[in-house]
Amino acid sequence: MKIGITCYPTYGGSGIVATELGLELASRGHEVHFITYDNPIRLDPSHPHILYHEVEVPTYPLFHFPPYTLALASRMAEVAERYSLDLLHVHYAIPHSISAFLAREILAVRCRVPFITTLHGTDITFVGAEPSYFPITKLGMEKSDGLTAVSEYLRNETVRVFGIEREIRVIRNFVNCEIYRPARKDARQNPYAPPGVKVLMHLSNFRPVKRVQDCIRILAEVLRRTPAFLLMVGDGPERGPAEQLARELGVDQHVAFLGKQNQVHRLIPLADVMLLPSRLESFGLAVLEGMACGVPPVATRVGGLTELVTHGVDGFLEPVGDIEAQAARVLELLTDEELHSRIAAAARYTALSRFCTSLVIPMYEEYYRQVCAG
Ligand code: GMT
């Protein structure tokens, strides 16, 4: 098939899922066209079945806000017609579903180009629920030819908040278990932490919803009992406050802020525990990537994380903001080798048996066929 994919090309789970999906589809022989304002991170544009089309947004003194949504719609229509795309698949409802809707209308007299919208989380739970965006987000979902959500939780929230009556297909996020895999113990040379010291990792876009400072507080608790080192991967508005808190709590020598990283599959296996203390996650992609690498998660019991992690089996889920409980789980994992090995193996098994690309990508292919068949 010929598929156009639009996403936010910056750091963030929705863009990563869209990019990885495009790469997997291309590997399966589909022709994939990324239509975005920048080259998506993690994209390998040298792949023979991947083409990249940049969206330019011309400005004019009258435009206080350059109309990106419209420029994207025009570009989508142009690419779809020129390359005879079978469908457009947009990730994150705002504004991508509206651009795709406009593109479909532009082309309607000449050809049929259906579009699928995949909901990722904050497009529904935070941004889309804002009164300024609510009606347009609802319209985008209702006009989509296909609608998917990355978890049951998100599907239920979409129905509850927006009163959507049409089918919302749940297709969960996925991970390539060949790329994301545990490191051999003897290969785990960690250049960041002192030798022999256990490593905690947090990986996110450092937005307030991630409660990044909780990672620092958990580290401080853990350090009262056992040596540990925290690797903070990613960047965003909460990085500065987290660095400040590390200094205030006197733990700044035990944490490294690595900023945005592209090759996270090389970093994650260096960790012993993955922390995700978020206030809300519709899925929690970093946790899944960690599990595939055999890194047990200690996360919060919220949203889609409860569909991913089985508490006590392949990770631990504790209440939001409960630093003591999360630190206690980390301590258990760092000090009990048998427990760590058991949870790490179960986490890898969960990734392999439920979330592997080989299981999930065919679900998208099947859905594409259904939507194209009308
Ligand atoms: O994380 C965000 O702030 C937004 C969004 C994004 O663009 O990355 O993340 C959401 O989509 C991810 C990929 O499907 C999910 O793994 C995240 O759980 C979800 N974030 C939230 O629900 C807060």
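Begin by selecting the ligand in this predicted model and colouring the two domains: domain 1 (2–174 + 356–372) and domain 2 (185–355) both contribute residues to the shell around the ligand, so the ligand lies between them. If you then display the pockets of the protein, you will find the ligand in the largest pocket.

Next, show the residues of the shell. There are 18 residues around the ligand, and the closest are Gly13, Ser14, His120, Arg207 and Glu281. Sorted by class, this shell holds 5 nonpolar, 10 polar and 3 charged residues. Select helix α1 (residues 13–27) as well, since the largest share of the shell, 3 residues, comes from this helix.

Now look at individual atom pairs. Select asparagine 173, where a polar side-chain atom lies 2.8 Å from an oxygen atom of the ligand. Moving on to serine 282, look for a polar backbone atom that is 2.8 Å from a ligand oxygen, and at phenylalanine 283 for a polar backbone atom 3.1 Å from an oxygen atom of the ligand. Taken alone the ligand exposes 480 Å², and the protein buries 96% of that.

Finally, leave the ligand and turn to the backbone around helix α3 (residues 93–107), in which proline 95 lies. A cis peptide bond joins isoleucine 94 to proline 95, with omega at about -10°. Tyrosine 92 lies in the loop between β4 (87–91) and α3, and the phi of tyrosine 92 is near 85°, a positive value in a residue other than glycine. As background for both stops, most residues other than glycine have a negative phi, and most peptide bonds are trans.

Conventions: Residues numbered from 1 in each chain as written. Predicted model: local features only at pLDDT ≥ 70, side-chain atom pairs only at ≥ 80, totals over all residues. Heavy atoms only, no water. Near = heavy atom within 4 Å. Polar contact = N/O pair within 3.5 Å; in protein donor to acceptor, adjacent residues only side chain to side chain. Areas by Shrake-Rupley, 256 points an atom, 1.4 Å probe, with all protein chains shown as cover. 1 Å grid on protein atoms, 1.4 Å probe; cavity = no way out; pocket = protein on both sides within 12 Å on 5 of 7 lines; lining within 4 Å. Sits in = over half its atoms within 2 Å of the grid points. Helix = DSSP H or I, 4+ residues; strand = E, 2+ residues; numbered from the N terminus. Nonpolar A, V, L, I, M, F, W, Y, C, P; charged D, E, K, R; others polar. Domains from an automatic or database assignment.
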